[in-house]
Amino acid sequence: MSNITFELASYVDALRSIIYIPHHDFFKIERIIKEVANNEFQIIEFNNAYGYVDFYTKLTKDECTLEEFLKYADDITNPPSFILLKDIHGELQNPKIQSLLKNIAYKNSTVENFYCTIFIVSTKLCIPDEIESLITIVEIESPNELEIRNLIYNFAEIQQMTISENIIDEMALSFKGLSEFEINQILNLAYQSNGDISADDKDLILKEKEQFIKKSGMLEIVNFKETIDDIGGLENLKKWLVRKGKIFNHLEHALKAGVDVPKGLMLVGMPGCGKSLAAKATAKLFNVPLLRLDIGKLYGKYVGESEENMRKALKIAEAVSPCILWVDEIEKSFSGIGDSGGGNSVTTRLFGTFLTWMQEKNSTVFVVATANDISSLPPEFLRKGRFDELFSVDLPNKEERRKIIDIHLKKRGKYNLNIDTIEIVKATEGYNGADLESVVKDAIETIYLENRDILTTEDLLNVITYTKSITASLKDKIDYIRKSMEKVDIKPASFEEYLYL
Ligand code: ATP
């Protein structure tokens with residue numbers, strides 16, 4: 001008996017009346033429910049599309065409504081029954097449906113010889129407050145490596161083909177995080193297009209994974225070309241990333257040698273100083289896709305829906321792993337938790353779900369969280385065990401400003417040795433990386449409009465005279481961020497300033 005079958009069987013024994021399984025792999029769930037029923041329970045099924053159907057043949061018995069079906073089901077006393085309700089989440093707000101469900105649940109726990117467990121299986125988790133206390137939510141994990149291997153073996157057997165152990169090893173890793181249904185679908189697709197299963201099909205798996213990331217609407221795949229060489233300064237951070245990159249690029253080898261899977265990093269500090277740039281460069285360095293998680297998009301209107309969305313998003317990230325999961329402006333999503341007011345309870349629960357996942361995860365999802373203001377984040381976040389490291393990002397020092405200017409000049413083919421970078425650096429105290437980039441861009445635009453080719457120090461200094469630095473335009477915000485960073489002891493992302501400038 002698998003763990004999940006055992007878990008469900010124990011809930012049935014404990015007379016839990018309504019078990020809600022948020023999942024889209026009906027094929028797999030039905031098999032598990034059949035195992036739990038073990039021929040001792042009859043299974044009657046209502047399907048949102050076809051009404052009352054035969055569980056085994058899927059033939060429609062009666063095109064009734066859910067209300068009519070539940071009234072009928074309410075009469076069942078013998079033999080013990082499982083009522084399987086598929087995709088009915090849209091109906092759960094209806095007070096009549098709620099009453100009928102409550103009625104069956106009530107009979108289950110009070111009427112002698114009435115054994116009836118309701119299974120709601122739906123792609124969406126929507127539980128109205130009125131029936132929340134009657135419902136037990138059961139999460140079905142995606143197949144583990146051994147189960148994936150078995151799925152591939154089964155597929156090969158059905159198609160009467162042999163797949164080499166090497167390919168099975170590779171496929172089993174890539175399939176991680178996908179459901180049984182999705183795995184079978186991809187195997188079928190690969191087989192239909194090439195007549196066999198080969199190492200090349202890993203691309204197909206990646207494409208399929210990208211598809212369901214897009215469909216989920218919760219994560220965004222970020223396309224970028226920035227590398228670590230595009231970051232001026234932040235040398236401590238870059239050194240640390242190169243080190244972790246060496247592990248991430250040889251994960252299997254490193255794990256065998258006893259190295260822990262890198263978990264993630266948090267970058268806190270000044271706006272426009274390269275935090276997002278660093279998230280992109282990390283993905284390039286680690287050679288993996290970059291997924292952005294927008295926590296604001298996870299909020300739902302039903303009880304438990306937001307946490308469920310968070311779990312789904314994290315599962316999707318695991319499915320795509322190895323990958324970078326970038327949570328931008330994380331303090332905006334989780335601020336206020338732990339205040340005397342307790343913060344918003346949904347936010348607190350979302351935060352809890354994320355934190356537990358961070359703490360327990362052993363997947364190869366590397367989290368890069370970025371934030372401006374650390375003071376509004378709950379302290380639990382900063383504890384060891386969540387992130388491997390936290391770095392503070394300050395406004396660029398002189399040496400860093402020089403490097404940033406050089407990078408942006410070179411990027412646009414305008415770097416020349418006659419530019420007196422020391423003069424520029426002196427004139428840009430308090431500028432962030434984005435300001436410096438904008439100075440370079442404006443100066444290049446000006447010489448283009450004046451039909452000149454060579455950029456001079458004066459061109460840059462001219463633009464600087466009318467470009468307000470972030471420190472001048474957002475003085476209060478910058479002071480506030482600096483003060484909040486001083487209160488916590490985190491590693492600076494930059495090296496100490498060099499003395500020669
Ligand atoms: P925010 O906190 O506002 O999100 P951020 O720290 O994430 O800001 P970025 O988005 O990384 O800032 O920076 C904006 C742009 O400024 C970058 O795309 C890059 O062109 C330039 N820039 C910022 N910092 C650097 C840097 N250290 N080196 C090179 N370019 C930089």
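In the predicted model, Asn39 lies in the loop that connects helix H2 (26-37) with strand S2 (42-47). The phi angle of Asn39 is near 65 degrees, a positive value in a residue other than glycine. With a relative accessibility of 78%, Asn39 counts as exposed.

A second residue with a positive phi is Gln160, where the angle is near 50 degrees; this residue, too, is other than glycine. Gln160 belongs to the loop between H5 and H6 and, at 75% relative accessibility, counts as exposed.

Helix H5 itself, which Gln160 follows, comprises the 14 residues 145-158. At 1.5 Å a residue, a helix with this number of residues should span 20 Å, and the end C-alpha atoms of H5 are indeed 20 Å apart, so the two values agree. The buried residues of H5 are Ile148, Arg149, Leu151, Ile152, Phe155 and Ala156. Because they cover an arc of only 160 degrees around the axis, these residues are placed on the same side of H5. The other side of the helix carries the exposed residues Leu146, Glu157 and Ile158. Helix H6 (165-174) and helix H7 (180-194) are included in what covers the buried residues of H5. At the start of H5, the backbone nitrogen of Leu146 has a side-chain oxygen of Asn144 within 3.2 Å.

Further along the chain, 7 strands form an open sheet of mixed pairing, in the order S8-S10-S11-S12-S9-S13-S14. Strand S8 (219-221) and strand S14 (491-492) are the edge strands, each of which pairs on one side only. Within the sheet, strand S9 (residues 264-269) and strand S12 (residues 365-371) run parallel and are joined by 5 bridges. Met266 stands opposite Ala369 in S12. Helix H14 (residues 345-360) lies across S12 as well as strand S10 (290-293) and strand S11 (323-327), and runs at about 135 degrees to S12.

A loop residue with a contrasting environment is Lys414, found between helix H15 (398-411) and helix H16 (421-427). The relative accessible area of Lys414 is 17%; this residue is therefore buried, the limit being under 20%. When residues up to four places away in sequence are not counted, Lys414 touches Leu409, Ile419, Ile444, Ile447, Asp453 and Leu455. Lys414 is thus a buried loop residue, whereas Asn39 and Gln160 count as exposed.

Definitions and conventions
Residues numbered from 1 in each chain as written. Predicted model: local features only at pLDDT ≥ 70, side-chain atom pairs only at ≥ 80, totals over all residues. Heavy atoms only, no water. Pairing = 2+ DSSP bridges. Helix = DSSP H or I, 4+ residues; strand = E, 2+ residues; numbered from the N terminus. Contact = heavy atoms within 4.5 Å. Axes fitted to C-alpha atoms, helices over the stretch in contact; angles between N-to-C directions. Buried < 20%, exposed > 50% of the residue type's maximum accessible area, 1.4 Å probe, protein only. Expected span 1.5 Å × (residues − 1). Arc of directions from axis to C-beta. Polar contact = N/O pair within 3.5 Å; in protein donor to acceptor, adjacent residues only side chain to side chain.
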